[in-house]
Amino acid sequence: MSEMSRLFVGLMAVLVTASLVAGILSWRSPKPLSSTLVNLNVRIRAWWVMIAAMSIAFLFGEGGVIILFALVSFAALREYVTLTHTRRSDHWVLLGMFLVIVPLQYYLVWIDWYGLYSIFIPVYCFLAMPALTALWGDTSRFLERISEQQWGIMLSVYCISHVPALVTLDIPGNNGRGLLLIAFLIATVQGSDVLQYIFGKLFGKHRISPNVSPSKTWEGLIGGILSASLLGAGLFWLTPFSPVEAGALAALACIMGFLGGLVASAIKRDRGVKDWGHMIEGHGGMLDRTDSLVFAAPVFFHIIRYAWT
Amino acid sequence: MLTFDHKALSQSLFGAFLAGLSRAITGVIPIWVGSAPSERQRIYFANHASHGDFILLSSCLRPEDRARTRAVAGADYWRKGRLRRFLSGYLLRTVLVERNWVERSQDPMAVMLDALERGESLIFFPEGTRNMTEEPILRFRSGLYNLAAARPDVELVPCWIENMSRVLPKGAFLPVPLLCRVIFGAPIALTPGEDRKDFLHRAQNALLGLRSQTNGEQE
C-alpha cells in the first residue's frame, strides 16, 4: 500500500473513532446537549468535509493541491479584508489583491520559480501596492490602509502558499514524494490544533493569555504539542527524515502554529469579533482553521530548504 | 391555452444565477433576528449604497419567496440604454418608479400599489437613492409611509445590508470579494394616528438598530 493510502486509511480510522466517541457521548448525556457537545459534533462533521476536499485535491496531484490552497488563500484574504478599514479609493488595489496577486503567486509556485515566488509579495507587491494607493491620491488613514493590505497579503497569500511550495523542494532521495511532505505538515499542525483542543477541554486550568484568548491553556498547549510531536515522529515514513528529526520538525511546526493562532486571536479581539467568518460550520471561518498553518508553513519550508537541500 | 412561459423560466434561472454569484463573491448569509422567512406578502426595506444591494437581499430569500419579490428601482436609471431596459424589464422584473417630479408620467405610488395588488412582495429603499455620504443612512422619503398607510396588511421588514457598498461601490464594475450579511429585523407597522414624520423616524431607527447587532464592520 502506498504511503498516501496508508495515511488516508489512518485518517478515516481517526474520523470514524471521533464520530463514534462523539455519538456515544451525545447519546449518553442529558438532553438538550451542552453547547460544547453540539459544537463538537458540528466540528467533526466539518472535518469529514475538509478531509474529503483535501483528498480530492491530493488525487489530482500537485496541481490539485496548488488550486486548493489558492482557494484557501482567496477565502482567507476575503475574511481578512472584510475586517480591515477600506475606502472607496482602494477598490482597484483590493481587486488586484484578489484577481492578480493570488493567481500569480500560485502560478509562480506551479512553475517552480523559487527566485520569484519567494520575493514577489515581500518585494514587488510591498512596494507596488502603496505606490498605487498614493497615485490614487486619497491620503486619509493612508498608513493604516497600506499596512493592513500588506499584512493581509503576507498572511493569507504569501504564508499559505508555502504549503504547496513544499513540492518544489528538491530533497535528495525524496523525488516525487513532495505531496507526502505537505500531508505531513498538514496532519501534524492540524492534529496539534485538535490535540490542544482536547487536552485543553480535559485538563485546561491555567490560561496562557486571558486577554487574547480565553480558550488557550498551558495544559492544552503542552499536552497538544507533546502529543503532536509524537504523532509527527510516528508519521516519519511520509518524509525523508528520521523519526527524531520528524518529531523535532513537527514540534517546531506546532509551536509556530500555536503562535499563529495566538496572533489571529489578538487580531479578532482587536476587531471585536469571535470568528473570522462562517465558512466552516463549528470552526468559524477559513482563517480560524488555517491560522496555525499560516505561521507554520514558511518556517517549516525554509528550515527544510536550508538543512536538507 | 398552454404556452411555454419562457419569461418566467429565464427570470427564475437568472435569479438563481445571481443568487449563486452573490453567494460565491460575498459568502452572504441571512441573519433573521426579528422575523423568519415567510410566505407572507412583505415589503423588505433596506439601506441602499450599492447597485448590488437588491441582488444581495434577494439572494437571502428562499427561491419560492424570491420568485414573488420584486425590487423597486429608479426608472431614470434603469430605462437608460437597451441593456439596462432588458435587465430591469425582462430578467430582473424590477418595479420601475419615476423619481423626477416634474417630468413623470406615472405616479410611483400607483406603480408600487399595482405590484402589491398582484400579491407580490417588494424590496424597497426608503432613502430613495444610493447613500454616498459617510453617514450610515439618509433621511427616509415619504414612500414607505405612503405604502404602510395604503396597505396595512403587508408586513414591513427592516433589512440591514452590511458591507455591500464596499464590495461594489459607486462607479465600480467589478466587485471586490468581501463577506456580506443581511440582517432581517422585526416587522414594523403604522400605528393608528401616527403621523408621517414619527413613523419614518421609527422605521429609520428600526433599521439602524439592526446595525448595532452587526460585528466586524468598521465605522
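How many helices and strands make up the secondary structure of chain A? The count is 11 helices and two strands, where helices (H or I, at least four residues) and strands (E, at least two) are DSSP runs numbered from the N terminus. This is a predicted model, in which local features need pLDDT of at least 70, side-chain atom pairs count only at pLDDT 80 or more, and totals for chains, interfaces and linings use all residues. Residues are numbered from 1 along each chain as its sequence is written, while chains are lettered from A and ligands numbered from 1 in the order in which they are written.

**View 1. Chain A as a whole follows the pattern α-α-α-α-α-α-α-α-β-β-α-α-α along its sequence.** Its radius of gyration (taken over C-alpha atoms) is 20 Å, close to the 19 Å that the globule rule gives for 309 residues, so chain A is as compact as a globular protein of that length. That rule is 2.2 Å times the number of residues to the power 0.38. Along the principal axes, the C-alpha atoms of chain A fill a box of roughly 65 × 50 × 30 Å. Of the 309 residues, 42% count as buried; a residue is buried if 20 or more other C-beta atoms lie within 10 Å of its own, exposed if 12 or fewer, and partly exposed in between, with C-beta atoms placed from the backbone.

**View 2. Domain 1 (1–59) meets domain 2 (73–308) in chain A.** These bounds come from an automatic or database domain assignment. The centres of the two domains, taken over C-alpha atoms, are separated by 23 Å. Eight residues of domain 1 are in contact with nine residues of domain 2, contact being C-beta atoms, placed from the backbone, within 7 Å. On the domain 1 side, helix 1 (3–28) and helix 2 (35–59) each supply at least two residues, and helix 2 has the largest share, with five. By class, this side divides into five nonpolar, one polar and two charged residues. Here Ala, Val, Leu, Ile, Met, Phe, Trp, Tyr, Cys and Pro count as nonpolar, Asp, Glu, Lys and Arg as charged, and the others, Gly among them, as polar.

**View 3. The largest nonpolar core has 131 residues.** Such a core is a set of buried Ala, Val, Leu, Ile, Met, Phe, Trp, Tyr and Cys residues joined through C-beta atoms within 7 Å. Among the residues with the most contacts inside it are Ile182(A), Ala297(A), Leu57(B) and Cys159(B). Helix 8 (residues 178–203) of chain A gives the most to this core, with 12 residues. Both domains of chain A contribute residues, so the core lies between them. Take a look at Ala297(A): leaving aside residues up to four places away in sequence, Ala297(A) touches Cys159(A), Ile160(A), His162(A), Val163(A) and Leu185(A).

**View 4. Chain A touches chain B through 18 residues, which are in contact with 14 residues of chain B.** Helix 3 (61–82) and helix 4 (91–110) of chain A each supply at least two residues of the chain A side. That side has seven nonpolar, seven polar and four charged residues.

**View 5. Three loops hold backbone details to look for.** In the loop between helix 1 and helix 2 of chain A sits Pro32(A), and the peptide bond to it from Lys31(A) is cis, with omega near -5°. Arg141(A), in the loop between helix 6 (120–136) and helix 7 (142–161) of chain A, has a positive phi near 50°. With 12 C-beta neighbours inside 10 Å, Arg141(A) counts as exposed. Asn163(B) has a positive phi near 80° and lies in the loop between strand 6 (155–162) and helix 8 (164–167) of chain B. Asn163(B) counts as buried, with 23 C-beta neighbours inside 10 Å.

Technical notes
Contact = placed C-beta atoms within 7 Å.
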